[in-house]
Amino acid sequence: MRLPTPSSSSMVARALARSTASQARSVATASVPSLHASRPVRAAAKPDSSPALASSSSAAGVPSALSASRLSQISRNTTLARSISSTASVSAPSASTPTASSSSSAYQSPLPSSALINVTTLPNRVRVATEATPGHFSAVGVYIDAGSRYERPWVAGESGSSHLLDRLAFKSTTNRSSQQMTSEIEALGGNVMCSSSRETIMYQSSVFNKDVPAVLSILADTILNPLLSPEELDMQREAAAYEIQEIWSKPEMILPELLHTTAYQGNTLGNPLLCPIESLEQMTADNLRNFMSTWYRPERIVVAGSGMPHEQLVELSEKLFGGLKPISDASRASSPASSLSSSPASSSSSRSSSLSSLFSRSSSSFSTSSSSSATPTATELADLVATPSQYTGGELYIPQSDLEFTHVYVAFEGLSIHDDDIYALATLQILLGGGGSFSAGGPGKGMYSRLYTNVLNQHHSVDYCAAFHHCYSDSGLFGISASVHPSFNSSIVHVIARELELCTSSIYQGSVTQTELNRAKNQLKSSLVMALESRLVEVEDLGRQIQAHGKKVSVEEMCEKIDQVDLKTLNRVATRVLRPQKMTVGTGQAPHGSGQATVVAQGNLEGLGDVRDLLARRGLGVSPKHTA
């Protein structure tokens, strides 16, 4: 599962292509600078919002999904998003940017990357995409348009299904025992993984070219024929409970997740990415089979690969996934697990849990169904697919005096992966940058980003300060997170507010300069291009872009759009996100949600004050008092 991470380095490719950012499952979506949707990540035991540009997640990047970083990022890896949710390494940028007239030639090559892409739609509507880049290794993945946003908290045992399916991947199937599955995977000598986010569940691998048929057979088997035995389910329940406990003990991992449940209260992107404890106790194999039969449909599946002939992957996909029937052809009256394994599992009635819900705020408005195997009707399914996310904003304060630092997250509603301004917002996140008070430093490490120069280098009570960006199919989160000594509580909100204000206009002293903008654009482009050097990132970016947009946006086009961002555009987009009350209705840029800020804080909260009110008095976000 992928948890969104504090610093959204979701790759632009991913972002442009998920939560925040890769780990098996990331709680918070994720990532190279956040142009990707937050992607899934695997935490200690495992847990954001996209490989290249884009998923809290997460899910496609700038075309895919600008997500915050993957859980991999929680371990400080790469991202540029499911909530992706994947922080790509950045090379030292130059201070100059190609002019508009020269940018097109700057990214031209004898063979543009778009010429390497082939997409075929099988008769049952499974999409197969390949990128013909040569190499000794190939990467292949299966990307399913499913995730926690589609779970129904009011159905007993369904909330957290994505999390458990992530954990149960590559276990026993009707064709392979768990031992046989493990033995075959190890024999391949490659990398096989599953991760889930808010909008995507993906199974992918990188292997030697000759092993593509074998690994795709394994992926298809675990997707279509999982045994979901009671013994394996119990074992993964226990492991998930431990994982959840560990994540809750780490503010930097759990707060991005709580940020989502607070920002989207009671709907879609606010559904918990981690399985709630009470749902974990109620969940049965029937819950998981129903979820898979509902969402693992051919029209929601993309098979993507890089390094193999397109015809080979089409032939293999037809053989392995061609038997799936599109939802329009499938009878909803038939067994919910008709296209999956049909081994029986005992059902359990709804029961109250002695443990309080991890996310009771997001599920308290729902009554729990007495049936744990309820399958949505065709009408209910259509409603679930069509329901847009609703940004509510809000605040959540968690007093905990034993923490060394006070952790504060300030967020505003961001942009969807389909928005033309997503490149400017991804650039803004890179420009703000930030990180920890201790850094190895050196060229290309972001030491000249504004949060380093204006915050970390000036205020020694600040241990961590960074911008984050989680991007999804119809919304997003953008903001700044900080960890400070409690003695600095009364000042940190003013510091954050000032850094955000300076991005909205060029009239302020200390506002963004052209040199800073050029540096940020070069960093974003280098992160994007370097991230795509990875086979797994390349194939994930391809799969998630096809899933989100139906096509692959070339790296040349993304770089050109980044080059088009000027100071005027940057200020306008910053104002659009941070001061939505200034955007008039009818321009297409007015906020879809409440326009209020979202604030989550944990630790010694003395002196912190009313953060949202302070922000509103400085023109950042709509005042909660005006909407009361």
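Student: How much area does the protein chain expose, and what share of it do carbon and sulfur atoms supply?
Tutor: The model is a predicted one. In it, the protein chain exposes about 21800 Å². The share supplied by carbon and sulfur atoms is 52%.

Student: What percentage of the residues in the protein chain is buried?
Tutor: A residue counts as buried when its relative accessible area is under 20%. The protein chain has 628 residues. Buried residues make up 63%.

Student: Which helix gives the largest share of the largest nonpolar core?
Tutor: In soluble globular proteins, nonpolar side chains tend to be buried together. Here the largest nonpolar core holds 71 residues, and Val142, Phe170, Tyr203, Leu216, Tyr296 and Phe321 touch the most other members. Its largest share is eight residues, and they come from helix H6 (residues 212-224).

Student: Which domains each supply at least three residues to this core?
Tutor: One contributor spans residues 114-322, and the other consists of 389-582 + 590-618. These are domain 1 and domain 2.

Student: Which residues does Phe321 touch, leaving out those up to four places away in sequence?
Tutor: Phe321 is among the core members that touch the most others. With residues up to four places away in sequence not counted, its contacts are Asn124, Val126, Val142, Leu216, Ala220, Leu224 and Val303.

Student: Is Phe170 buried or exposed?
Tutor: Phe170 lies in the loop between helix H4 (161-167) and helix H5 (178-188), and its phi is near 60°, a positive value in a residue other than glycine. Most residues other than glycine have a negative phi. Because its relative accessibility is 10%, Phe170 counts as buried.

Student: Where is Leu228 placed?
Tutor: Leu228 is not a glycine, yet it has a positive phi of about 50°. At 6% relative accessibility, Leu228 counts as buried. Its place is in the loop between H6 and helix H7 (230-248).

Student: Which are the edge strands of the six-stranded open sheet?
Tutor: The order of the strands is S7-S12-S8-S11-S10-S9, with mixed pairing. An edge strand pairs on one side only. The edge strands are therefore strand S7 (394-399) and strand S9 (434-436).

Student: Which residue in S12 is the bridge partner of Tyr397?
Tutor: S7 and strand S12 (residues 598-603) run parallel and are joined by six bridges. In S12, the partner of Tyr397 is Ala601.

Student: What angle does the direction of helix H8 make with that of S12?
Tutor: Helix H8 (residues 251-263) packs on the sheet and touches S7, strand S8 (406-413), strand S10 (462-471), strand S11 (476-484) and S12. The angle with the direction of S12 is about 145°.

Notes:
Residues numbered from 1 in each chain as written. Predicted model: local features only at pLDDT ≥ 70, side-chain atom pairs only at ≥ 80, totals over all residues. Heavy atoms only, no water. Pairing = 2+ DSSP bridges. Helix = DSSP H or I, 4+ residues; strand = E, 2+ residues; numbered from the N terminus. Contact = heavy atoms within 4.5 Å. Axes fitted to C-alpha atoms, helices over the stretch in contact; angles between N-to-C directions. Buried < 20%, exposed > 50% of the residue type's maximum accessible area, 1.4 Å probe, protein only. Areas by Shrake-Rupley, 256 points an atom, 1.4 Å probe, with all protein chains shown as cover. Core = buried A, V, L, I, M, F, W, Y, C linked by side-chain atoms within 4.5 Å. Domains from an automatic or database assignment.
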